[in-house]
Each structure stands twice: as structure tokens, then as C-alpha cells.
Amino acid sequence: MLFLRSFFRFPLSTGRCRNALAALAMALLGALALPAHAQNKGAATPVAATASTASPAASASAAPADPKLLEQAERATLANDERIQIQVTARLARNAAFRNVDAAVRAGVAVLTGSVPDNETRGMATKVVTAVDGVVAVENELVLVADFGARVQETWEIFKDRAARMVAATPLLLVAVLIVLLTNWLGLWAANHLGAVRLNSRNPYLGTVISRFVRTGFLLVGVLVALDLLGATSLVTAVLGSAGLVGIVVGFAFRDTAENYLSGVLLSLRRPFEPRDHVRIDSHEGRVVSLSTRNTVLMTLDGNELLLPNATVFKAVILNFSHNPRRRLSFQLAVGTDQDLQAAQTLGVSTLAGIAGVLTDPGPSASLDVINPTTVAINFYAWVDQRQTDFGKARSEGIRLVKLALDGAGMAVPSPTYQVQLLPAASGSSPAEPPPPPPAKPEETAPSAADLKPSTDLDEQLTQERARKAEDDMLNAPSGPAAK
């Protein structure tokens with residue numbers, strides 16, 4: 001009974017715990033009274049003994065418990081509570097967040113009082129105490145206290161702890177810095193000696209890109225080794241994981257930019273054109289100014305700047321007029337069906353052969369094309385060297401001279417024929433026929449000394465634009481002068 005009085009003096013806030021512990025105490029009293037009851041009843045079975053402990057009438061008739069045994073049980077309970085309280089206090093003391101938390105243990109029930117800064121810490125205290133061996137329940141009576149000074153003090157303690165750890169790790173930190181500097185120097189040395197394997201002999205810009213990748217690779221390896229030396233393996237994993245995630249996000253966000261950049265690198269490798277080349281890209285025509293990481297810059301024949309995305313250029317059909325120095329010009333003229341077509345072809349070919357700048361190997365040629373009721377179309381061809389003769393000027397001069405030669409030989413295109421029904425005149429006289437066209441003068445059909453040299457109208461403007469974009473030009477070394 002002394003044990004029961006000491007037990008019920010302990011305040012419990014939960015009725016369920018009180019009932020459970022009361023049942024436990026009654027079972028203990030029954031167990032202590034069982035030997036005496038068994039001596040009195042002699043041949044009583046264990047079932048009867050159990051029934052006697054459960055029945056109030058049997059309990060009342062049982063002999064009273066031994067006070068010494070009750071005292072021993074109470075002392076054992078107190079000793080167990082002291083052990084549990086020592087362990088609970090030790091575990092709470094390990095965390096600075098529980099410095100304002102007090103713990104008391106009664107019959108295996110831990111009661112937590114005091115204050116914590118947030119609900120997370122309150123729940124953590126319950127988990128810490130529950131993990132102690134012997135704790136049957138936890139009464140969490142902690143209150144939340146938003147003490148700004150306590151928060152500042154806690155932050156200061158954390159800072160001092162981190163600073164102390166950093167000072168202790170200073171030697172390792174110095175070694176890590178030396179590793180990063182060494183790998184950076186090795187990467188720079190390797191990047192500067194890539195010329196030994198002729199990586200930048202064909203494409204200087206590609207050599208620069210590879211050099212940057214090599215140097216970045218060495219530096220990344222040094223950083224990873226340094227972090228591993230400092231024990232920041234979790235940081236290494238986080239960096240690698242975030243790098244992959246960031247790469248995916250950046251890839252989707254800057255897909256067009258990345259596509260244009262890669263297309264520019266591939267164009268600089270393939271080099272379908274060179275600076276100043278005359279090209280036609282799909283329906284766009286002009287002369288090449290530069291190739292940047294995003295755009296291909298052309299100058300139209302009108303002198304305007306044209307920017308084409310590299311991805312568009314990489315996928316487009318490119319016609320390079322300047323790649324081969326020899327280029328064939330062609331044009332079409334018509335003569336009457338009643339003319340000697342063989343003589344017309346021979347006259348036109350000989351006229352083209354007499355033009356300065358027209359090549360003799362391969363020489364000019366002609367072929368019949370379209371036949372109409374009154375005319376026959378003749379195609380004339382001639383080859384010029386674009387390095388010495390302007391293509392447009394030579395073609396224009398060829399059309400002029402061949403047309404004059406055919407007109408001078410009386411092979412001009414006949415006038416359109418109209419059927420006109422005339423009424424008979426009163427006087428019976430017929431209308432006068434129109435006079436024939438005068439023959440061409442010899443000096444008009446003779447080859448002239450026309451200027452057929454390559455045009456230089458855009459040269460000065462091209463030079464200025466290339467000088468302005470030289471640093472971003474992927475067709476030349478970024479640090480070198482623009483190609484002339």
C-alpha cells in the first residue's frame with residue numbers, strides 16, 4: 001500500500017497512462033500475494049490463483065502483501081527511474097537546441113518541461129527521449145519561445161563551431177588549394193602545347209575551343225580531388241548531380257543558342273565557304289564576312305549586312321560561286337527559223353572567243369534550245385577565270401557583242417507577224433513595204449576593250465566589316481588579324 005500511495009501522489013496528465021499503471025500495480029500486488037494464498041489453499045491450481053487475483057472478492061480475502069517486498073519493488077522502480085533520467089539528460093545535453101529542456105522520469109514515464117524555439121525541435125526532443133531504453137511514454141510539455149537573443153546566441157555558437165573546424169582543417173585546406181592551382185597550371189600547359197599534335201593547323205578556332213575544354217577538364221578534376229580530400233564527398237555528389245540537372249535545364253532553355261553554337265563549330269570544321277566568298281544560301285546571296293558563334297554574316301551585293309542563324313546555314317543548300325576559279329557563263333538569243341542556224345552558232349562562238357577574258361580551254365560553245373513557229377533559241381556558253389575576269393561583266397559583254405554580230409549578218413529576230421486584211425484601194429496601188437534595217441557598223445561588232453576585271457565595289461566595305469568582327473570570327477584565329 002505504501003507503493004500505491006507514492007504512485008498516486010505522482011501527477012499524471014493522461015488518464016490512459018494512470019489506468020495502465022494502476023493495472024500494473026494491482027498485478028504486482030497479486031503476484032506478491034500469490035505465495036501466501038497458495039500456502040493457505042494448498043492444492044489450488046494456477047488457474048484458480050489467477051482467477052483470485054482478477055476477482056475483487058478473492059483479493060479481499062487474500063493475505064496482505066509483505067511490506068518488505070513492496071519496499072524493495074519501490075526502491076527498484078526509483079533506481080530504474082534514476083538510470084533512465086541520467087540517460088535522457090545525457091542525450092538532451094548533446095544538442096544545444098535542448099539547453100532549456102528539463103526532464104523528469106517517474107515509473108518509466110518521461111516528462112519534458114521547458115522551452116524550445118520551434119515545433120521541429122519539440123518533435124525531435126520526443127524522438128530522442130523515446131529512443132532511451134526503459135522509457136514507456138513521453139509527456140511533452142515543452143512550450144515554444146521565440147527568443148531573438150537566444151536565436152542570435154545559437155547562431156553565434158554554430159558560427160564558432162564552424163570556425164573552429166575550419167581552423168583545424170587549415171592544413172588540409174592549403175593542400176587542397178595547392179592541388180587546384182597545380183591542376184590549373186597543368187591544364188594551361190597542356191592547352192598551350194596542343195599545337196604539337198596539329199589540332200589547330202586547319203581550324204584555329206577549333207584549336208582554341210579544344211584548349212579551353214582541356215584546361216577546364218584539368219581544373220574540374222583538381223576541384224573534385226580537393227573536395228574529396230576535405231571530406232566533402234556529399235558536396236561532390238551534390239555538385240555532380242546539380243551539374244547534370246542544370247545541364248538539362250539549360251539545354252531546354254537555350255536550345256536554339258546551343259544549336260547555333262554547335263552548328264557554328266561544325267561549319268568551321270567543314271568550311272563550306274571562306275571569307276569574301278560569293279555564296280547563295282537557300283534564297284540569300286552575298287559575300288561572306290564572318291562566322292560567329294551564333295550567326296553567319298553575309299554582305300549582299302547591294303552592300304547590306306545579312307545575319308543568318310548558324311543552324312539555318314548548316315541545314316541549308318549552299319552554293320559557293322567562288323570555290324572554283326573557273327565559272328561558265330550562259331545566255332540565250334533567238335534567230336528566225338528561215339536563217340542558217342549552223343552559221344548563227346558559228347558566228348556567236350567566234351564572237352565569244354574574241355572577247356578578252358574568255359578562256360580557250362574549254363572554249364565557247366552553242367546549242368539549239370527552243371523552236372517556235374518563227375524563231376529558234378540558241379544557248380551560248382563561255383568560261384571565264386573569276387580571279388582575272390568579272391563574271392557579270394563578261395556575260396553582259398558577250399550578250400552585247402553576239403547580238404550585234406547576228407544583227408550585222410542579217411540574222412536578227414524577225415518582227416512579229418500579224419495577219420491584216422486590207423480593203424482594195426481606190427487607186428489600185430499597193431502600200432509601200434517598210435525599208436530593211438540598216439546593217440550593223442563594223443566597229444560595233446568588233447570586240448571592245450571593255451573593263452572585265454573583277455569588281456572591287458564591295459572590297460573596302462568587306463575589309464572594314466571583317467576587321468570589326470575579327471575577334472568573333474570562327475573562320476580565323478580569334479587573336480589573329482582578319483584575313484585579307
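I call a crossing left-handed if the near helix is turned anticlockwise from the far one by less than a right angle, and right-handed if clockwise. The model is predicted, so I note that local features need pLDDT of at least 70 and side-chain atom pairs pLDDT 80 or more, while totals for chains, interfaces and linings use all residues. Residues are numbered from 1 along each chain as its sequence is written, and side-chain values use heavy atoms, without hydrogens or water.

Helix pair. I looked up α13 (residues 341-353) and α14 (residues 391-408), whose axes come within 9 Å and cross at roughly 140 degrees; axes are lines fitted to C-alpha atoms over the stretch in contact, with angles from 0 to 180 degrees between N-to-C directions. Helices are DSSP runs of H or I with at least four residues, strands runs of E with at least two, numbered from the N terminus. The two helices are therefore oblique to each other, that is, outside the ranges under 35 (roughly parallel), over 145 (roughly antiparallel) and 65 to 115 degrees (roughly perpendicular). I find that α13 passes α14 in a right-handed crossing.

Contact. With heavy atoms within 4.5 Å as the criterion, I see Ala344, Leu347, Gly348, Thr351 and Leu352 of α13 meeting Gly398, Leu401, Val402, Ala405 and Leu406 of α14. The residues of this contact divide into 7 nonpolar, 3 polar and no charged, where Ala, Val, Leu, Ile, Met, Phe, Trp, Tyr, Cys and Pro count as nonpolar, Asp, Glu, Lys and Arg as charged, and the others, Gly among them, as polar.

Backbone. I checked the bond from Asp361 to Pro362, which is cis with omega near 0 degrees; Pro362 lies in the loop between α13 and β11 (365-371).
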